[in-house]
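Colleague: Could you take me through the aromatic rings in this model, with a close look at how they pair up and where charges sit over them? I'd like one connected account rather than a list.

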Amino acid sequence: MNLVGERGQSGRLFAEVVPVWHDRSGQVRPEWLSACEDERALTANLMERIASASNLQRAYRQVRANGGSAGVDGMKVGELGDWFSSNLESVRESLLNGSYKPSPVRGVKIPKASGGMRQLGIPTITDRVIQQAISQVLTEHYEPVFSNHSYGFRPGRSAHQALGKAAAYVSAGLSHVIDLDLEKFFDEVNHHRLLWLLGLRIGDQRVIRLIARYLRTGLLEDGLCSQRTKGTPQGSPLSPLLSNIVLDELDQELTRRGHHFVRYADDVKIFVGSALSAAGVCVSVSRFIGERLRLKVNETKSRCCRGHELNFLGHSILSGGHVGLSASSERRLKDKVRTLTARNRGVSMDQILVELRSALLGWLHYFRYARMGKRLVAIDGWIRRKLKCYRLKQCKRVIGIVRMLRSLGVENTLCWRTALSGKGWWRLSNSPALNIGMGKMWFAQLGYYSLSEHYKSLHRRIP
């Protein structure tokens, strides 16, 4: 059978039985086990596809396009081309005979938006290519059978689609939400259970052993290499797919129970019609996650709430099925603006405006579907005041403030009264002289990217 035929048959086998892993009593269905057996037969030589020259070439191009930092060996993405052309055949041979051994990953911690630190693991460029090659082939097998309620790290699916589905549930009257927080999910994935899940559908033991090596590869940080016994640290091309394989079992269970839910990576939201139902579902599903998936539910962060109180992918879900801007997303935006407009930066106003434009444009592109017109008018006013403060600070002395205000067409007496007032920069930024001289037109001429105006423009074009 050719490869295209194998892939199509694999998808059909599981499409006939998924999502029906378990029957109503919770027992695994015989049909599903039979489909797994057929799937293992079809994937007995999966490593040949992973190690094919065409698949590795495609993986190489993807890794090169993604860029990123060097791993523990110091090789940069720009150096990969020469290395790859010289070592392709030896890499293929070691993959096929099962002798390939991954290098340790470089451990890096970055701050999380919600506080605390996130552990990243940066593989070497070579390991990134191989992991990407594995991910490309496994995605073809798993993607057709993943739940329609799952949206994260999947081709053709996006955060906006997940938000649209959540909004549709709220619009249909399911306004009570179980907001489940999986505690340090990527750090807590159980290796034994993940390898068992992979072994159910993959018949090539070389692939299973290679993934096991990647899971257990040491984490090198501050000169010390620690062995990993659980988790799939974020930063590798394979981790997103493995996370979906782990949590697909949760998707299947929620579907079996008849729940309405949306999952984006490890962010799970279940929608029900009443507060009483929400409390019962939260307890039951949390028990399943702990006992069956061997993952931890963060009880302090998990909660039952209404849609407008939700923070799902930075958005809230308003009544009527519309998405809004969550309070935490507004806070993070303002924190970013505060950093860019800090009055001790010592850079030109033009540079500040260029940096602001880049940050605000990307932010608005992501949040463009949220209903937030009035909030953006207020945020714009707040940002303009921050910029006024920055410009005032650049004047340094009273005479400097007077000269600047005169150049903006402010009456001379008002210029001196403002400069000599003794008020702080923030209070001065809202004074009559500043409002006259630094109005919206002045900011537009400088090139200020107005969130509210561009939001209006976007929504004039969106049907």
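Modeller: Sure. Let's settle one term before we start: a charge sits over a ring if NZ of Lys or CZ of Arg is within 6 Å of the ring centre and within 35 degrees of the ring normal. With that in hand, look at Trp426: the charged end of Arg385 sits over this ring, 3.9 Å from its centre. Tyr142 has a partner of this kind too, with Arg201 lying over the face of the ring at 4.5 Å from the ring centre. Keep in mind that this is a predicted model.

As for charges in general, the chain carries 69 positive and 40 negative side chains. The centres of those two sets are 12 Å apart.

Now for rings meeting rings. A pair of aromatic rings is described by the distance of the centres and the angle of the planes. Rings pair here if their centres lie within 6.5 Å, and by that rule there are eight aromatic pairs. One of them joins Tyr169 and Phe271, at 5.4 Å centre to centre with 40° between the planes, and that makes a tilted pair. Tyr169 belongs to helix H7 (residues 159-171) and Phe271 to strand S7 (residues 267-272), so this pair ties together parts that are 102 residues apart in sequence. Tyr169 and Phe271 are both buried.

Phe185 and Phe186 give you another geometry. Their ring centres are 5.1 Å apart and the planes stand at 75°, so this pair is edge-to-face. Are these two rings buried or exposed? The cut-off for buried is under 20% relative accessible area. Phe185 has 2% relative accessibility, so it counts as buried. Phe186, at 8%, is buried as well.

Further along the chain, have a look at Trp363, Tyr366 and Phe367, which ring pairs link into a cluster.

To put the rings in their setting, zoom out to the whole chain. It has 463 residues, and 49% of them count as buried. You'll find 21 helices and 10 strands, in a C-alpha trace that spans about 90 × 60 × 45 Å along its principal axes. Of the contacts between residues at least 6 apart in sequence, 73% join residues at least 24 apart, and the Tyr169 and Phe271 pair, with its 102 residues of separation, bridges such a gap in sequence. On the outside, the chain exposes about 22300 Å², with carbon and sulfur atoms supplying 51% of that area.

Note on methods. Residues numbered from 1 in each chain as written. Predicted model: local features only at pLDDT ≥ 70, side-chain atom pairs only at ≥ 80, totals over all residues. Heavy atoms only, no water. Helix = DSSP H or I, 4+ residues; strand = E, 2+ residues; numbered from the N terminus. Buried < 20%, exposed > 50% of the residue type's maximum accessible area, 1.4 Å probe, protein only. Contact = heavy atoms within 4.5 Å. Areas by Shrake-Rupley, 256 points an atom, 1.4 Å probe, with all protein chains shown as cover. Lys, Arg positive; Asp, Glu negative; His and termini not counted. Charge placed at Lys NZ, Arg CZ, Asp CG, Glu CD. Phe/Tyr/Trp six-rings, centres within 6.5 Å; stacked < 30°, edge-to-face > 60°.
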